Structure formats: C-alpha cells, structure tokens
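These are my notebook entries on a structure that is new to me. I record in turn what I looked up.

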Number of protein chains: 4
Amino acid sequence: MQDISTAPSWLAEEELSWVRERVPLVCVDAVPVRLDHLGQIEKVGLLLRALPDETVSRAIVTGRILRGETVREALWRHLTKDLGPDCDPQLPASITPFTVVEYFPDPHRTGFHDPRQHMVSLAYVVPVNGECRPAEDALDFAWLTVEEVTSRAVATEMSQGHDRVIRHALASCRQLP
Amino acid sequence: MQDISTAPSWLAEEELSWVRERVPLVCVDAVPVRLDHLGQIEKVGLLLRALPDETVSRAIVTGRILRGETVREALWRHLTKDLGPDCDPQLPASITPFTVVEYFPDPHRTGFHDPRQHMVSLAYVVPVNGECRPAEDALDFAWLTVEEVTSRAVATEMSQGHDRVIRHALASCRQLP
Amino acid sequence: MQDISTAPSWLAEEELSWVRERVPLVCVDAVPVRLDHLGQIEKVGLLLRALPDETVSRAIVTGRILRGETVREALWRHLTKDLGPDCDPQLPASITPFTVVEYFPDPHRTGFHDPRQHMVSLAYVVPVNGECRPAEDALDFAWLTVEEVTSRAVATEMSQGHDRVIRHALASCRQLP
Amino acid sequence: MQDISTAPSWLAEEELSWVRERVPLVCVDAVPVRLDHLGQIEKVGLLLRALPDETVSRAIVTGRILRGETVREALWRHLTKDLGPDCDPQLPASITPFTVVEYFPDPHRTGFHDPRQHMVSLAYVVPVNGECRPAEDALDFAWLTVEEVTSRAVATEMSQGHDRVIRHALASCRQLP
C-alpha cells in the first residue's frame, strides 16, 4: 500500500502529461553536503540512478513541489525519500535558493535539460548529518570530495546539467576550485 | 513550420482551472524601484488594480511564467505589460530572487494569499528607469517613498501580503526602516 | 596562562584606538536562532550585555575579525566565546552574509551606530543547537519568539540598531511578520 | 568648521604599513559587466595593470573602503577612478555581495592571495553602461566574452585569484559554463 499521508495531490501519469504540455512545473534541487565544524564543504553526495531512457547516471536530489506543499516540505520529502529516513537533513534558515535552474526540453535553451518537461527548480545546498541509504529508484549513494565531484570523469557521469548545478552550488559557498 | 513545443503557451480559462487544482503555478513578483546613482532606493512603484473579487488594491507587478518561457522573459513581459512599453526595466545580472513567496488559498499557511491558486513566486527588486504608464487591468501607477510604502495606511491598501513582500524587498536592500 | 593559539594578533588598547582613527574595522554579526526540522526559525537568541557607556542592553553576537583569521574562524570564536563552549553553532555552508551592516560614529549615516568606530560587519543567521551559557561580559542570554523579538518593547532594549539587524535577518529567512 | 571625524581619510604609506600588520583591511571587488536587455551577461571587463612586483596582469576593479566611506561610495569611487568618469556604473539595489573574498599573504590559506596584506573584500557584479577609459595605474581595459574570460589563456594572465573571483561572479548569475 502506498503512503499518501504527505502527498497533498499526486497525479495520474496521464494527468501529469497533460499538465506538462501546458505549464512549467516547479521543483526543488538539493545538493547534499557534509560540512566541517566551520561550515566548509568536505564532501558532496551523489545518487546513482536509472533515468527514464534506461541509462544510468549520477545525480543530485530533485523533485516536484506538490500542490498544497511548501518548498520546505518538498525539500524534506525528497531528501528523506532519496537518502533514507535517517539522513537528518539540515534545512537552511533561508528559503532563498542559491540559484534557479531552468530545465527545458530543448537542451540548448539554458544548458539544463529535461526531455520530458519545462521545470523551474529552486536549488539548495543542504548539509546532511545522518546515515544515508539510497532509497526508491536510486541504485547507490556516494560521498565525493570537491576535487572528485568537479573532475571531468564524474561530470561525464551526470546528465541534465547536474554537473553544472553542482559547480554553481560550490561557487555559492565560495568553494569552486 | 515553426516548432511550437517550446513556444510560450496560453491556456484557456477552463484549462487553467484544471491545472490550478493539480499543481502549484510558478510566477514572478517584481517590486519596481527608482535608484539614486549609488544604488539606494528612492521610490517604490505600486500599481492600483482591480482584483477578481471587484475590490481595488495597490499591488506589485506579478504574473505567471508560461511554458517555454525563461524567468527573465517572464519578468520582462510582465513589467513592460503592466508599466508600459517605455518603462525600461533593468533586469538584474543575477537570477537568484531575493526571496520565494508562496501564495496559498489558505491565508494562514504562509501569510501570503491567493484565493484562486497555490503559487510559488520568485521575487525580484527591479530598477525601472523609463516612463511608466499603467497598462491593461491597472488603473493607476504611483511612485512612493520608502516611508510611505511602509506606512500602515499604504499597507492596508494592499492585499495577498504584498505589503509584506515589499518589506522583505526593502530588507534585501538593507533599506527596511 | 592565556591561549594564544587561535589569536592571530590582538592589539593593545592604544594601538586599537590608533587604528580606529584610520581605517574601518571588519567584523561579524551573528543572530543565533533555533530552527525546527524544516528550517523555520522558532526562537532568536539575545545577549544581555553592559555597553561601554555603562548602560545595559540586549544584543546579538558581534566582534572583530583578527588579522590572519578567516571569517569562519571569527564567527566560531565569537559565538563560542559569547554563548559558551557547548553552544554548538552550525556555521552556514555559504559565507555570503545576508547583509552588510555599516556602523558609523555618526548615528544618522546609516542608522547603525557605534560611537567608537567605523565598522563594516558581515551579518549571518546562525543556528545554534547546543546549550548556551552567557560568557565573558554578557550578563544573560535568552531565547525569544519572533513575535517577542520584533516587539516594540524588546526593540527599545537594543542599541546600535541591533533591532533593525534582527528584522533584516528575519526578512532574509522570509520570517518578517 | 567641518567635522572631519567621519570624512574619508587617506593614509601615509608608512601608516598603512603599520595598520596592515595589525588588522585586516576591508575592500570592495567589482566585476564590470555588459548586460543585454534581459540582464544576461554579454561581456566581462578586465583591466590590464602593473602590479607592485612589476609584472603585468589582467584584473578586476578592487580597492579599499576608507574610514568614513560607505561601501556604495567606495564602489563608485573605485569604478569611476579605474574605468574613467564616464563609465556610468549601475550600482545594485542590494548591498549584499555575491561572495566575500579573503585575500591572505599566505597563498595557500584560501587560494586568494595578496602578498602585502590580509584583505576581506566584498565582491559585486556591476553593470557598466558608459564609455570606459582606463585611468590611473591601469594600462588598458578590454571587454571579453564569457568564453574568453573563463579560458585557460586569460586565467593565466590574472593573479591573486582574480580568475576564480570571476568564475564565482559568473556562477552567482548562473552563467558559469
């Protein structure tokens, strides 16, 4: 049985398709990080997940804001769903995102790309203090150093422009190499 | 033939109603300002407009982001539509909003209120250098001082929490009295 | 014996006076907060301290950045000094302040005032998870609700414009009433 | 008689040396940009200047905040001094910097480096609409595209970590390639 207690309004797949053709969807992107006691990023967390086109790729946490749900509730829901119920995300005091990522079906529009839909995503860096276990459709979860996560090798394992979202996230923390 | 898949798309009123019941809509809020040469706010611009419930109120510029439209294009469209084609808005170099305003049909959820829909709005302070003439459904447009716009008298002329959006905008510029 | 290991360079009082007459000093302001699990501010912490002019007032945490010290090290040092070694401050991932507060000897310059010096202060909201015990020159420390801390009664107990710094801090978290 | 206590004050070179050994100096960094009508960065401006060690390098606009001077006044002064009196800088409505750059004599401390001093610099992206003519100690001024300014070739022409400041500036505008 599906837990609907935190789901203000789920859509059937055909309803969602209908909506996707008419309006941009609003989402949250979360870059999970481990901080030292001074707030500096030690590690960046990445999911290994299967994409709709059946390829596998590394990804940040991302998902829709549901009708009736606040941005903070959506962040909490997606983080604890993707990283497991014990991940202990430290949602920031400010709701202002470090940037707004605009995903378009056309990959050349902004460089951020989603073949299925136009998404406007509020992007946050979220310290995660607890134990992370990949859940749902994620195959794995790994903590990488700043050097690793900005390497060409790891960048090529990401799609949709998530490697660029991460570099923008690091820059917002003045930790872009 | 033109590719219409990424062209901004208008919705019929009944389609919009259907969408509003299923997903949050993503919008932009713009607080028009006049700056002095050092970037300090001299005036805040307010529209006088008729609301759907037939009351009249002062308001900031606000409106939906259409499918296929970037945040910047939506800001430009709503500003030049509401303030007239000669208003000359100075869109900011950063697309990061000063805050995210969440309007709910329930007025007690966040204090920001829209009886018709759940809206997630990216809020910007936008310097406007040109001549402003209220257009479309706006009845008037006026420049107010920071003192006037934060007065109790003007606050009571605003609805949906726009007076609070303005105070948050002024704070983002360190000009909250 | 004094621990000098984290003190890059203290100044004798007469040296500091000499410097104060010549350059602005760079400082950090920290507004301590308690957050709920969604990141919303539940309480704001205020010190009760004696000012140089022998009056008593409520205040946020504030202090100079020393030569050779990073902004993060200064934040950590002042928070653990003023709130006690067990306060467990959660320094933010981003070093970008929510605003820059400019204190001038002239109270009319910016509205932020320090009779002794021109200070440029980087202002942060810092979640504090541990036990707080006022240390050094602080007489007391208290957690107040957002309503209390923005009340006229509490505002009049603050000096230097700290009540206004707090309202700007709340606005950066979209929690200004 | 004029009150000189709050008037910006210049220091003799030996006084400045004395101060530099005792406190961090507070500065502004400004990345000049040309924007299109939607606020997107078209060009980034760089000075060609002689450094104290007699090498030549490309640089952003940077300089000290004087005692008695506001951040905005310092930005205006340095921009109109370095880019000429007709450069017409558009100072932003918000005084919050996109990041804080900490320059240390030790090049390994933060990666931002000044052999002469510890500087805490508030960094801004500033649209410049007018004609730019390099002044004072600058040898030249040039507008570069985002691709050029983030190229390895141009990066090697910069010192002190200015290439990294520029990449952080572009990221704050979501324009990091």
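Entry 1, terms. I count two residues as in contact if their C-beta atoms, placed from the backbone, lie within 7 Å. I also note that the model is predicted.

Entry 2, chains D and C. I looked up how many residues of chain D are in contact with chain C. I found that 27 residues of chain D are in contact with 28 residues of chain C. I then asked which elements of chain D give two or more residues to the side that touches chain C. They are α1 (13-20), β1 (25-35), β5 (99-103) and β6 (119-127) of chain D. The largest share of this side, three residues, comes from β5(D). By residue type, I list 14 nonpolar, nine polar and four charged residues on the side of chain D that touches chain C.

Entry 3, relation of the copies. I looked up the superposition of chain D on chain C: a rotation of 180° with 0.0 Å of shift along its axis achieves it, with an RMSD of 0.0 Å. The two copies are therefore related as by a two-fold rotation axis. I add that the same surface serves both copies, as 89% of the contact residues of chain D recur in chain C.

Entry 4, one residue of chain A. I placed Glu148(A) in helix α3 (residues 146-149) of chain A. Is Glu148(A) buried or exposed? I record Glu148(A) as partly exposed, because 14 other C-beta atoms lie within 10 Å, and a residue counts as buried at 20 or more and as exposed at 12 or fewer. Finally, I noted that Glu148(A) and Asp29(A) are 119 residues apart in sequence and 20 Å apart in space, C-alpha to C-alpha.

Conventions. Residues are numbered from 1 along each chain as its sequence is written. Chains are lettered from A and ligands numbered from 1 in the order in which they are written. This is a predicted model: local features need pLDDT of at least 70, side-chain atom pairs count only at pLDDT 80 or more; totals for chains, interfaces and linings use all residues. Ala, Val, Leu, Ile, Met, Phe, Trp, Tyr, Cys and Pro count as nonpolar, Asp, Glu, Lys and Arg as charged, and the others, Gly among them, as polar. Copies are superposed by least squares on the C-alpha atoms of residues with pLDDT of at least 70 in both.
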